[in-house]
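Below is a set of questions and answers about one model, arranged from the overall division of the chain to the details of its ligand sites.

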Amino acid sequence: MRSVTVLGATGSIGESAFDLLMRSGGAEAWRVMALTGGANIARLAEMARALRSEIAVTAYPEHLDDLRDALAGSGIASAAGPAAIVEAADMPADWTLSAIVGAAGLPPGLRVLERGGTLALANKESLVTAGRLVMGTAERTGARILPVDSEHSAIFQALGADNIEDVSSVSITASGGAFRDWPMERLAQATVAEASTHPNWAMGQRITIDSASMFNKALEVIETREFFGIDPERIKVLVHPESIVHAFVTHRDGGNIAHLGSPDMRHAIGYALHWPKRIDLPVAPMDLASIGSLTFRAPDEERWPALRLARQVIAAGGAAGAVLNGAKEQALDDFIAGRIRFPDMARAVEATLDDLTGRAGFTTSPSDLATVLDWDQQARQIAAGWAARHGGR
Ligand code: NAD
Ligand code: MG
């Protein structure tokens, strides 16, 4: 029986993974070691009971009593706090899904790699903040990383056994998010509710807003660079409103291999769960005749400055990814809380990058977790300061 752990089980990706585990035999077919979540204790306990998880862990110590009560009589252990999540990641599951949102996903994901486990990685922030450290750790321990982000799963599948050296470029697509067709001058008035609506994908709120700002695609360009080790000049982004072609690989001989499918994350999660096998998955069949046409356009970097910042971060290397991500997470918090406007998020991130670029050590890729988290904290502080000075206009 294969053993699995899901970090971030109660989120959008976590729910999809839960659905796949339940449909493929549930507790009878899988040995579930740990499920982790946040404040939604009722759902976490329900999932842990359904899958007969060995332990359920909440990120928040103040919810531990509730979790214990919700699991009373089940024999399922409970724990709380970031260190307990890292301990859960350390349990010897054959397959661990990293589906926590934000830089908080890095410490447990890294622990899976340190123990040589298989990490199915939805948490793109791990590669953005600490690409060298993450990939280097996997190489050192022999751990395997399977991409779960749909574009990266698509590249992985389109690449097959081909060598990345024989690829002249990889192209990832973006729907363009909620404000794709808005007049630019209206963006300053965008509300949190408007930014939290995605045209095609049902996802967590943070990644949905990041899709509207294209910070999600910016993170994914960096993720592509780190995971596949491909030069930034060979990574392309296309706006593709239908979200059917997730990515394609352009070979040096002029051939292109694309990966298409309905926008449902259960494909990418299920592919990683059963890799290298393919099994039936509950994904709606793609009906091209009813879709009719697939359209593509070049992204406008004035509308989406995040894409320009991603290129800047890759060129800078060192701690730039951790800084970009930390500043972006803070700016997103500030936008959600109403402290800054939608276009201010990119301004706050750019100002933070400008501020930290000259600092000692910035050009060195962080070689341990503490250094990554230190840059992350510095970036959050500076971005918060920017919001305090420029917000409320
Ligand atoms: P979500 O907000 O729906 O869920 C996040 C999960 O992480 C929840 O279980 C939550 O309780 C937990 N969590 C939140 N903060 C935490 C913290 N500080 N410590 C520990 N746990 C915490 O997010 P999501 O949309 O499922 O995205 C999860 C990850 O997958 C993100 O990195 C996102 O970029 C990536 N991703 C998501 C999708 C998607 O379709 N949702 C697609 C591709 C990649
Ligand atoms: Mg994606």
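Domain bounds here come from an automatic or database domain assignment, and the model itself is predicted.

Q: Which domains does the domain assignment of the chain give?
A: The assignment places residues 3-147 in domain 1, while domain 2 is made of two segments, 153-263 and 280-302. The remaining assigned range, 317-393, is domain 3, so that the full answer, given the domain assignment as its source, is domain 1 (3-147), domain 2 (153-263 + 280-302) and domain 3 (317-393).

Q: How many residues of domain 2 are in contact with domain 1?
A: Taken over C-alpha atoms, the centres of domain 1 and domain 2 are separated by 26 Å. Contact is counted for heavy atoms within 4.5 Å, and on that basis 14 residues of domain 1 meet a set of domain 2 residues that numbers 16.

Q: Between which domains does ligand 1 lie?
A: The shell around ligand 1 receives residues from two domains, and therefore the ligand is placed between them. The two domains are domain 1 (3-147) and domain 2 (153-263 + 280-302).

Q: Which class of residue in the shell around ligand 1 has 13 members?
A: In total, 24 residues surround ligand 1, with Thr10, Ser12, Ile13, Gly38 and Glu125 as the closest. Divided by class, the shell has 8 polar residues and 3 charged ones, and the class with 13 members is nonpolar.

Q: What percentage of the accessible area of ligand 1 does the protein cover?
A: Oxygen atoms of ligand 1 lie 2.8 Å from a polar backbone atom of Gly38, 3.4 Å from one of Gly8 and 3.5 Å from a backbone N or O atom of Ala122. On its own, ligand 1 has 820 Å² of accessible area, and the share covered by the protein is 85%.

Q: Is Asp149, a donor to the magnesium ion (ligand 2), buried or exposed?
A: The magnesium ion (ligand 2) is coordinated at 2.1 to 2.2 Å by Asp149 (OD), Glu151 (OE) and Glu220 (OE), which are spaced D-x1-E-x68-E in sequence. Buried means under 20% relative accessible area, and because Asp149 has 7% relative accessibility, Asp149 counts as buried.

How values were computed. Residues are numbered from 1 along each chain as its sequence is written. Chains are lettered from A and ligands numbered from 1 in the order in which they are written. This is a predicted model: local features need pLDDT of at least 70, side-chain atom pairs count only at pLDDT 80 or more; totals for chains, interfaces and linings use all residues. Side-chain values use heavy atoms; hydrogens and water are left out. A residue is near a molecule or strand if one of its heavy atoms lies within 4 Å of it. A polar contact is a pair of N or O atoms within 3.5 Å; within protein, one must be able to donate a hydrogen and the other to accept it, and residues adjacent in sequence count only if both atoms are side-chain atoms. Accessible areas come from the Shrake-Rupley method with a 1.4 Å probe; for residues, only the protein chains shown count as cover. Ala, Val, Leu, Ile, Met, Phe, Trp, Tyr, Cys and Pro count as nonpolar, Asp, Glu, Lys and Arg as charged, and the others, Gly among them, as polar. Donors are N, O and S atoms within 2.8 Å of the metal (3.2 Å for Na, K and Ca); water is not among the atoms, so sites may look incomplete. Buried means under 20% relative accessible area, exposed over 50%, partly exposed in between (1.4 Å probe, protein chains only).
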